[in-house]
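This report introduces a protein chain to a reader who has not met it before. Please consult the sequence and the structure shown here while reading.

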Amino acid sequence: MQTSLVTGGAGFIGSHLCEKLIQQGHKVVCIDNFDDFYDRSIKERNLENLNGQAHFTLAEGDIRDADLLEQLFSAYQFDLVVHLAAKAGVRPSIMDPLQYQDVNIRGTQHILDSVKKHGVAKLLFASSSSVYGGNEKVPFAEPDEVNRPISPYAATKRAGELMCYTYHHLYNINVACLRFFTVYGPRQRPEMAIHKFTRLIHNGLELPAFGDGTSRRDYTYVDDIIQGITSIAGSDFTYDIINLGESQTIALKDLIATIGKKLDREPKIKWLPDQPGDVNITYADISRARNTYGYRPVTDVETGIGNFVDWYHSMVEAL
């Protein structure tokens with residue numbers, strides 16, 4: 001039985017991944033510090049299907065705590081580490097760049113040191129489509145130039161990729177850096193666009209939207225992301241960077257209209273100026289993920305939004 005560590009495992013993507021790894025026969029240790037970026041009870045609900053399972057362990061703590069990491073890595077002898085834990089969000093990173101640097105860079109350093117010391121076979125590092133910055137060449141492909149990030153968050157993710165390469169080069173660590181493209185679905189964080197828009201439209205409230213509605217995003221359903229992560233985890237690699245997206249885009253105004261249609265409510269939109277750090281488009285070239293790692297996204301945005309709205313209704317009814 002493989003033993004896997006998932007950092008940030010009580011979060012949106014992490015909780016789905018922990019469930020899938022256990023289904024695949026892994027023993028899973030989740031480390032999460034329940035950061036107050038959003039309400040703790042949300043993460044506790046994320047873990048409801050995991051608590052009490054024989055092969056799941058929750059270690060509440062911080063990836064910057066080197067002593068805690070040493071205890072975990074010594075006790076479990078991990079075969080796989082999936083490093084998802086991070087301070088998330090482009091706009092908040094502009095307000096508090098030092099905190100993003102501390103968690104996303106220093107925390108990743110501690111993970112790399114632990115992986116090196118304990119000879120972990122594979123490390124997957126969660127990067128972000130934000131590293132492409134204002135790239136005007138679409139779709140975004142892994143060899144594209146990414147040395148001009150336009151937010152502190154993006155800069156920390158690019159720094160993480162570079163640190164991973166350095167440790168691969170120096171210590172032969174097998175690392176795959178996964179560039180996620182706007183992941184959504186059940187359990188999505190409450191401040192993210194689809195969740196926020198759904199909540200506001202459902203409650204008949206005005207919805208703040210930035211720009212003129214033509215900006216486009218490559219929204220990727222969480223089940224597809226999990227399929228990509230597990231496929232890559234089961235593959236052979238030395239050092240690689242891999243886009244995980246849907247390879248389709250939708251304009252902001254069309255996204256809002258789709259959510260309104262699924263809720264059977266008319267959105268009330270307040271259009272606002274573009275925000276610093278935002279980009280006009282994200283669009284993934286996923287040929288490497290498809291051809292090398294068997295990535296097979298299958299959920300179109302309309303279906304995914306419908307699934308999310310169904311989940312949202314179930315959560316509202318449960319509260």
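The following paragraphs treat the chain as a whole, its nonpolar cores, one pocket and one lysine.

**The chain as a whole**

The model is predicted. Its chain contains 11 helices and 13 strands. With a radius of gyration of 19 Å, close to the 20 Å given by the globule rule for 319 residues, the chain is as compact as a globular protein of that length. Along the principal axes, the C-alpha atoms occupy a box of roughly 55 × 45 × 40 Å. Of the 319 residues, 56% are buried. Among contacts between residues at least 6 apart in sequence, 82% link residues at least 24 apart.

**The nonpolar cores**

In soluble globular proteins, nonpolar side chains tend to be buried together. In this model, the largest nonpolar core holds 43 residues, and the members that touch the most others are I13, L124, L178, F180, I229, I232 and L244. Eight entries below list the elements that give two or more residues to this core.

| Element | Residues |
|---|---|
| α1 | 12–23 |
| β2 | 27–32 |
| β4 | 80–83 |
| β5 | 122–128 |
| β6 | 174–180 |
| α8 | 222–233 |
| β11 | 239–244 |
| α10 | 287–293 |

A second core, separate from this one, has 26 residues, including A59, A85, F125 and C177. L178 illustrates the contacts made by a member of the largest core. Leaving aside neighbours within four places in sequence, L178 is in contact with L124, F125, A126, S127 and S128, and also with I229, I232, I242 and L244.

**The second largest pocket**

The second largest pocket has a volume of about 360 Å³. Its lining consists of 16 residues, and those nearest the centre are I42, R45, R187, W311 and M315. Helices α2, α7 (193–202) and α11 (301–318) each give two or more residues to the lining. The largest share, four residues, comes from α11. By character, the lining divides into seven nonpolar, five polar and four charged residues.

**Lysine 43**

Helix α2, which spans residues 40–46, includes K43. Is K43 buried or exposed? The relative accessible area of K43 is 10%, and because buried means under 20%, K43 counts as buried. Apart from residues up to four places away in sequence, K43 touches A10, G11, D32, F34, D35 and Y38.

Terms used
Residues are numbered from 1 along each chain as its sequence is written. This is a predicted model: local features need pLDDT of at least 70, side-chain atom pairs count only at pLDDT 80 or more; totals for chains, interfaces and linings use all residues. Side-chain values use heavy atoms; hydrogens and water are left out. Buried means under 20% relative accessible area, exposed over 50%, partly exposed in between (1.4 Å probe, protein chains only). Contact means heavy atoms within 4.5 Å. A nonpolar core is a set of buried Ala, Val, Leu, Ile, Met, Phe, Trp, Tyr and Cys residues joined through side-chain atoms within 4.5 Å. On a 1 Å grid over the protein atoms alone, a cavity is a set of points where a 1.4 Å probe fits but cannot get out, and a pocket is an open set with protein on both sides within 12 Å along at least five of seven lines; lining residues have an atom within 4 Å of a point. Grid points are joined across faces, edges and corners, and a volume is the space filled by probe spheres set on the points. Ala, Val, Leu, Ile, Met, Phe, Trp, Tyr, Cys and Pro count as nonpolar, Asp, Glu, Lys and Arg as charged, and the others, Gly among them, as polar. The radius of gyration is taken over C-alpha atoms; the globule rule is 2.2 Å times the number of residues to the power 0.38.
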